[in-house]
Structure formats: C-alpha cells, structure tokens
Amino acid sequence: MSALSYPMPEAVKASARLNPQTYAEKYQQSIADPEAFWAEEGKRISWFSPYSQVKKTNFAPGELDIQWYADGTLNACYNCVDRHLSERGDKTAIIWEGDEVDVQKHITFRELHEEVARFANGLKKLGVKKGDRVAIYMPMVPEAAYAMLACARLGAVHSVIFAGFSPHAIADRVNDCGAKVIITSNEGRRGGKGVALKPNVDEALSGDACPTIEHVVVLKHTDVDFDMHAGRDVWWHELIGDCDADCPPEVMQAEDPLFILYTSGSTGKPKGVVHTTGGYMVYASMTHEYVFDIKEDDVYWCAADVGWITGHSYIVYGPLANGTTTLMFEGVPTYPDVSRIGKVVDKHQVNILYTAPTAIRALMAKGDAAAKGSKRDSLRIMGSVGEPINPEAWEWYYKIIGNSKCPIVDTWWQTETGGILIAPFPAATDMKPGSAMLPFFGVKPALVDNEGKKLTGATEGNLIIEDSWPGQARTLWNDHERFEQTYFSTYKNVYFTGDGARVDEDGHFWITGRVDDVLNVSGHRLGTAEIESALVAHEAVAEAAVVGYPHDLKGQGIYVYVTVVDGVEANDELRKTLVQWVRKELSPIATPDHIQWAPGLPKTRSGKIMRRILRKIASNEYSNLGDTSTLADPSVVDSLIENRLNR
Ligand code: 6R9
C-alpha cells in the first residue's frame, strides 16, 4: 500500500541540516560503528572530566547492563544554564505565557542562572543533597523548570508528578521514591480557573501517609491562601530570601540518576522510570537539534506539560542544553477560545510548535476557528507526539495551522526512551500523514511476531529496538527486576516497546498503538489495572474491568465494566459517584466515559478476565468475538452485549 506522501517544503529543504543522502550516510555510520559515532556526538555536552568509555550495553538475559559515557563527569544544570552565560547571557531562555492572554514573562539565561542557583541554595538549607529525591508538583510556571534545574544542580534526583494527579497518586509516587521534599504551588491556573495544588499535597501527606517528606516548599503563584503547617511548610520566596546566586554545580558521574518519572504499565503499580545524566543529556540535546532543525534564533514552543517526559526532554533539558529559547504555556489551547494557539504563535513569533494529536483534534472539531485572528507565518516546523496522529488531523494541522508550508515531525517515543526514536527528520524524507517514518541515528527498530521471530519486508508486528541508545532508561526505581521483566524478557536480547507497528514497502514505520494493557487517552498513558484498582477500592464495587475503545477526540476512551457488591443498587447515582471516585482517587485524566453494570465478567475457566471480548463489546464489534470456547459461562457475554453503552 503506497500512502499519500507530501514533499518537505522547499524553504525547509533549503535551510535544513539534513537531506536524504546525509541522513542515510550518518545513519549508516551510527549503526556501523556506534562507539565512534557516539564518542563524537558526546562532545555536544560540556563535561567536567571527559569520558574514555562510550558504550557499555548488554540486553542479554541475566546480564542486562546499560551504561553510556560511564567515566565522564558533568552536571545537567550547568549544561542548560551556566555554559550559555558567556555567549547567550542576555538571550531569552524561557518565555512564559500565562493562562490569561496578557500575562507573560521573559527570562534570560543570566536570570535563569540566578533563579536556579538561589533556589538550589534554598533547597540546600532544607538539607537537600546529592542523591536525595525531591518531588515536584507544580503548575506550568517557570519555577517548575527552576525547581528541576536546581535539583540537577545539587545532584538531587527530581520526580515530577503531573499536577493533574490526585492525593493518592501523589502519596504513592512520593513513597515509592522516598522523597525528602515536595515542591508545589498554592494554585495553578488553567482555562481561567484556579486549580488548587497545595490542598492535594496536604491530603497526600495527611496523618503519616508520607513519612519521608520533611518539608513542603510552596510557591505563591496566585492570591489564594491555604494553611501552612508550621515547621513543615515553607514559602518559596521566604526560602530564597537570603540566598545568594552562587551555588557551584555538583560534579556528577554520567550514570548518576538525573530524574525519576512515573509512568503507567500493565500492572497497577506505576513504574518509576530512571534516567541518568550523561547519555540522557547527549540524546535529549541531539534529538532536539535534529528533529526540530533548531537554529540559534528560533523561538521554540513545546505545548506539553513538565509532568510528562515530553516536558522533561523537550521543554527543559533538550532546548536549554542547546541554548534555545523555550516557551512554557500555563493555559489550555481552548481558552479564552480556540484561536489561542495561533495568537500565542504570532505574539511570540514562534518558529517551532510541538503539540499532541488530542489538542489538534480538539481545535479541528471547531472548524477553522483556530486559525482566526492569527497568521502563524513565523512557523517553520511543527511536531506531533503522544499517540498516533490520524491522517485527517495531520492534514488539518498541516494546512490550517501550518499554512501548508511547515513539515510535521510525527515523533514516536516513550517515557522509557528518554528522547525521540522515530520521526520524519527535516529534510531527510518526504512525509506520509500518519507515519513516523525513520529511525534517529543509532536507533535500530525492527518488528517481531508473537514468538519473537524477526519480520522483514513490508509487514506488521511488535515493535522492538535491537540495540541501546544513550537516552534509554536504565532501570525502574528500586525494581530492577521489573525493569528487566517488562522490557527485556518478552523477546530476548532486545528492548520491547509495548507498541505494535507496520513497516511499508519503503521501509517507513507506522505506529499502530499499544499491544499491552496500557491505554492512551488524549495522549496520557494509563494502565487499565490502575483504574481497576481505584474502582475496587470503592465499597460498592466487587469487581471491575477497564478497556479502551476508539474515541473521536481522545483517541481512546475509557469503558468500565463494574460488578457491584451483593445488595447494592446499581443506578445512575452510583455511576456518578464512581466517576467522581476515580477522578479523586487517581486523576481527572482517568475519568470513565462509560460505566456498564456487569452482573458477571467473561472469564476463562482459570478465572482470567477475557479483555479481548470486553474490548470488542465496548467498540461495538461484538458480532465477531473470536474464540469464546474458553469462556466459563458464555451467557455472561450475551447479557453484556445486550446492555452495552457505546452504541
Ligand atoms: C513521548 C510519550 C508512550 C506511548 C508509546 C505509544 C504512544 C507516543 C507516538 C505514539 C504513535 C506517535 N505514542 N508518540 N504513538 N505515534 N508519534 O508520549 O511518552 O507518555 O510514555 O507514551 O505513547 O503508544 O508507547 P509516554
């Protein structure tokens, strides 16, 4: 099947770093001699003492070992801030666009240095030192970046918790990593409303729920006051009041952890993905430069949240390591109306815009209103991330937002990969709407069948990566066994992504979505098991099964089957209660779209829930349920079909 393809726009071709030939040559070098390739590329980062070792990696069962630049020393914050002072001190490092249209701030690299160093000294006063874990639960304000960089400066390991998570989810993450300090804000602002954050932290810590936390640092971002706990809580501005801006960056080993970021897996407990310093910085910086074809004077806007990996690698570490002006947006694309993104682009003359298909679809749903009131002619390159982009959304983004002159880099990657692995690099290739196209340098993607046999030619299968790249996660916090088991045991000697993909006859990659029990709702990763465990924690619920189904706006919607406890009446009121319960227990991003009452769930005779069947019912594909011979009680299925909700 040959897909419609779009050429790279001429203007981009004329100025881009790559063309098809230079891409092919550089890719060949990177695969033929990874050691030499990455030895050279490692120099993009400033090292306190140079590395002599480059790649020491082994995916073999029982010998799993991933090390890059292991004997080099560096500091991530130094690379993002200090090293730019001599040549870019007065250049804008961060443009902050607030939730309201007329609220903005420009922070130069010199100012960034001062803010970060003072805050790092503040954290020091609270006893934070190298190796300590610090949780960050912040809105999209520059201080979120200062907090991350201040931790990196001290060698403390930050763990950013997305500000949409609920008290329970905060407590789980804080306890898993044993954080000593949590940094938050009184409130965030989104879509014209205040979002209370400090009360969530209070609730997470209530009683002795998080015994490792010694202090809570609170940024006063709005005028709303919440109680401060004497001895435990401290205001950000008071903490740094007497701190000076001299705070030497800690000397870190390349393999010292830089951060932990929790993500969803196919079991209930979130996984603390660990990224280390040297390889991650080299990879984040290099991919940022090549994928977005960054130029010195570019204004670059990644509209993700710092609570996700995209915010880590492509709002903070990648762009700042490259000395790029990075825009942070506190609000939402639909406030005050859908023309906001275009207006922000014009106001700050944004050259590169990187967002998610879910945001694109939300704007597209309003016709062409998103393009009203803005020209967007400063844009040169646009990116997409988080989920497969459907060709209709791709074309709309290309034509309406990008005026048919900006390539769309559809970037496929994961929390675990640290940076982008597959994308249509400008101007290495043409573009096919819906295809992520080509691997980045040093990345060896391949497809295997369910038995692990490698597939060749135009085909479809499970996506694996055959060799290590510097940005790869090294372990799961305190659970190396689960790391090995999750990513390196399904197929031997390779990294398993959990995604399915198709390769077309030109060798281009099309990601088809997760092949495990992970949902992708509006680009947010959610484990079905996480939502199920939140549901069964409610006293009225005996059993729950969660599946995804195709959803026009969100990509996937959440469909829940609930069996209530004997004697409980399954009615609309309970349905509302359970929706609120999940929002509160886990997060509003996990809000169920449908809750179907299930007197029984389809199970195998060994008691395993047959999700395949539940997925089909939820997707209205119940006419072909496949093999149902292992069902313990086939009548259960008929009743579920009869009462299905997503008609
Ligand atoms: C960066 C990020 C990872 C999962 C991944 C895949 C999906 C991300 C995609 C994409 C198709 C793309 N995904 N980018 N699917 N095309 N361009 O999103 O990390 O939150 O860990 O999610 O997202 O299924 O496995 P994370």
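## Aromatic pairs

Start with the rings: a search of the whole structure, which is a predicted model, turns up 43 aromatic pairs. Take Phe 48 and Tyr 78 as an example. Their ring centres sit 5.3 Å apart with the planes at 65 degrees, and planes over 60 degrees apart count as edge-to-face, so that is the label this pair gets.

Where in the chain do Phe 48 and Tyr 78 come from? Phe 48 is in the loop between helix H3 (34-41) and strand S1 (55-58), while Tyr 78 belongs to helix H4 (residues 76-80). With these positions 30 residues apart, the pair links distant parts of the chain.

## Salt bridges

The salt-bridge count comes to 44. One of them joins Glu 296 to Arg 88, and here the closest N and O atoms are 2.7 Å apart. Glu 296 lies in the loop between helix H11 (278-291) and strand S16 (299-302), whereas Arg 88 is part of helix H5 (residues 85-88), so this salt bridge ties together parts that are 208 residues apart in sequence.

## Two domains and their contact

Now zoom out to the domains. The protein chain splits into domain 1 (10-502) and domain 2 (522-643). Going by C-alpha atoms, their centres are 32 Å from each other. Domain 1 puts 26 residues into the contact and domain 2 puts in 19 residues.

How much area is buried between domain 1 and domain 2? The figure is about 1,600 Å², with carbon and sulfur atoms giving 46% of it. On the domain 1 side, three residues stand out: Ser 166, Ser 264 and Arg 361 supply 27% of the area that domain 1 buries against domain 2, more than any other three residues.

## What holds the interface residues in touch

Between domain 1 and domain 2 there are 16 residue pairs in polar contact, counting those with both residues at pLDDT 80 or more. Three salt bridges also cross the interface. As for a single salt bridge, Glu 203 pairs with Lys 584, and their closest N and O atoms are 3.1 Å apart.

Which helices turn up on the side of domain 1 that touches domain 2? Helix H8 (167-177) and helix H14 (357-364) each supply at least two residues. H8 gives the most, with four residues. Sorted by class, that side of domain 1 has 13 polar, seven nonpolar and six charged residues.

Technical notes. Residues numbered from 1 in each chain as written. Predicted model: local features only at pLDDT ≥ 70, side-chain atom pairs only at ≥ 80, totals over all residues. Heavy atoms only, no water. Domains from an automatic or database assignment. Contact = heavy atoms within 4.5 Å. Buried area = accessible area lost by both parts, 1.4 Å probe. Salt bridge = Lys/Arg side-chain N within 4 Å of Asp/Glu carboxyl O. Polar contact = N/O pair within 3.5 Å; in protein donor to acceptor, adjacent residues only side chain to side chain. Nonpolar A, V, L, I, M, F, W, Y, C, P; charged D, E, K, R; others polar. Phe/Tyr/Trp six-rings, centres within 6.5 Å; stacked < 30°, edge-to-face > 60°.
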